[in-house]
Structure formats: C-alpha cells, structure tokens
Amino acid sequence: MSGAPKKFDQSRLSQVLVEPIISEKASAVAEKHNQVLFKVLRNATKPEIKAAVELMFKVEVDAVRTVNQRGKEKKFGRSIGRRDHIKKAYVSLKKGHELNFSGEAA
C-alpha cells in the first residue's frame, strides 16, 4: 500500500486533520507507544487519515486507531448546552519516525 496518498484528493487530505491533540495523556502515549493524537473530521476514514499524515508530515504510518467521543453536556446559567462530538485518531508511527509539536528546535 505504498501508493496510498495517490488515491485521495489533495484538498480533502489537507482538511482531514483538524488539529493535533497536545495534553498530558497525549504526551504519555507518544513516549510509550510512538503514537501521535489528532482531532480529525468526523467522516474521515482510517486510510484517509494515514494518507494525510504521511503527506503533511513526511513520516511513515504503521497503524491508525480512531475513537468517536461524544460531546459533554454543559450548563450555562439556566440553559444546558452540549459541546461538539469529536473524532480522535491515534496514529502509530513506524520505528525511527517521530513528530514533535512542543515547538522546541531539535
């Protein structure tokens, strides 16, 4: 499947990754399992996510796992609202590949 990025539309791939998730849990997962977390479009597929990460960051992806997370209900005074539902992607990188979002120059 080395030709994976070629079968998707470039403009679609540029929109699939919404933002990286930077948190304590994401840092622990990155160190322990060589994975990176992204918030992705809710209708994005695993092959699309893999192709987007490989295209944008020039790394090799080993596997992609996704989680659909329901938005929490929140109270604003008397009214009750709901945060948006999101989809997270746990992207496993192959050995020797690394992504760093901390902003430090290496």
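Trainee: Contact means heavy atoms within 4.5 Å. Leaving aside its neighbours within four places in sequence, what is Lys74 in contact with?

Mentor: Ser79, Ile80, Gly81 and Arg83. Before we go on, this is a predicted model: local features need pLDDT of at least 70, side-chain atom pairs count only at pLDDT 80 or more, and totals for chains, interfaces and linings use all residues. Residues are numbered from 1 along each chain as its sequence is written, and side-chain values use heavy atoms, without hydrogens or water.

Trainee: Got it. Where does Lys74 lie?

Mentor: In strand S4, residues 73–76. Helices (H or I, at least four residues) and strands (E, at least two) are DSSP runs, numbered from the N terminus.

Trainee: And how exposed is Lys74?

Mentor: Lys74 is partly exposed, at 29% relative accessible area. With a 1.4 Å probe and protein chains only, under 20% is buried, over 50% is exposed, and partly exposed sits in between.

Trainee: Let's zoom out. How many helices and strands does the protein chain have?

Mentor: There are 3 helices and 6 strands. Going along the sequence, they come as α-β-α-β-α-β-β-β-β.

Trainee: What share of the chain is buried?

Mentor: The protein chain has 106 residues, and 30% of them count as buried. As for contacts between residues at least 6 apart in sequence, 60% join residues at least 24 apart.

Trainee: On to the inside. Which residues touch the most other members of the largest nonpolar core?

Mentor: Leu17, Phe38, Ile49, Val53 and Val91, out of 18 residues in that core. Such a core is a set of buried Ala, Val, Leu, Ile, Met, Phe, Trp, Tyr and Cys residues joined through side-chain atoms within 4.5 Å.

Trainee: Which elements each supply at least two residues of this core?

Mentor: Helix H1 (10–16), strand S2 (35–40), helix H3 (46–57), strand S3 (61–69) and strand S6 (86–93). H3 gives the most to this core, with 4 residues.

Trainee: What else is there on the core side?

Mentor: A second, separate core has 5 residues, including Ile21, Ala26, Val29 and Leu37.

Trainee: Back to Val91. What is Val91 in contact with, if I leave aside neighbours within four places in sequence?

Mentor: Asn34, Gln35, Val36, Phe38, Ile49, Val53, Val61 and Ala63. Among these, Phe38, Ile49 and Val53 turned up a moment ago in the largest nonpolar core.

Trainee: And Ser92, buried or exposed?

Mentor: Ser92 is buried, with a relative accessible area of 10%. Ser92 lies in strand S6, and outside its neighbours within four places in sequence, Ser92 is in contact with Asn34, Gln35, Val61, Asp62, Ala63 and Arg65.

Trainee: Asn34 is on both lists. Where is the place of Asn34?

Mentor: Asn34 is in the loop between helix H2 (24–33) and S2. Asn34 isn't a glycine, yet its phi is positive, about 55 degrees. Asn34 is also partly exposed, with a relative accessible area of 25%.

Trainee: OK, last topic, Lys58. What is its phi?

Mentor: Near 55 degrees, so to speak a positive value in a residue other than glycine.

Trainee: Where is Lys58 found, and is Lys58 buried or exposed?

Mentor: Lys58 is found in the loop between H3 and S3. Lys58 is exposed, with a relative accessible area of 65%.
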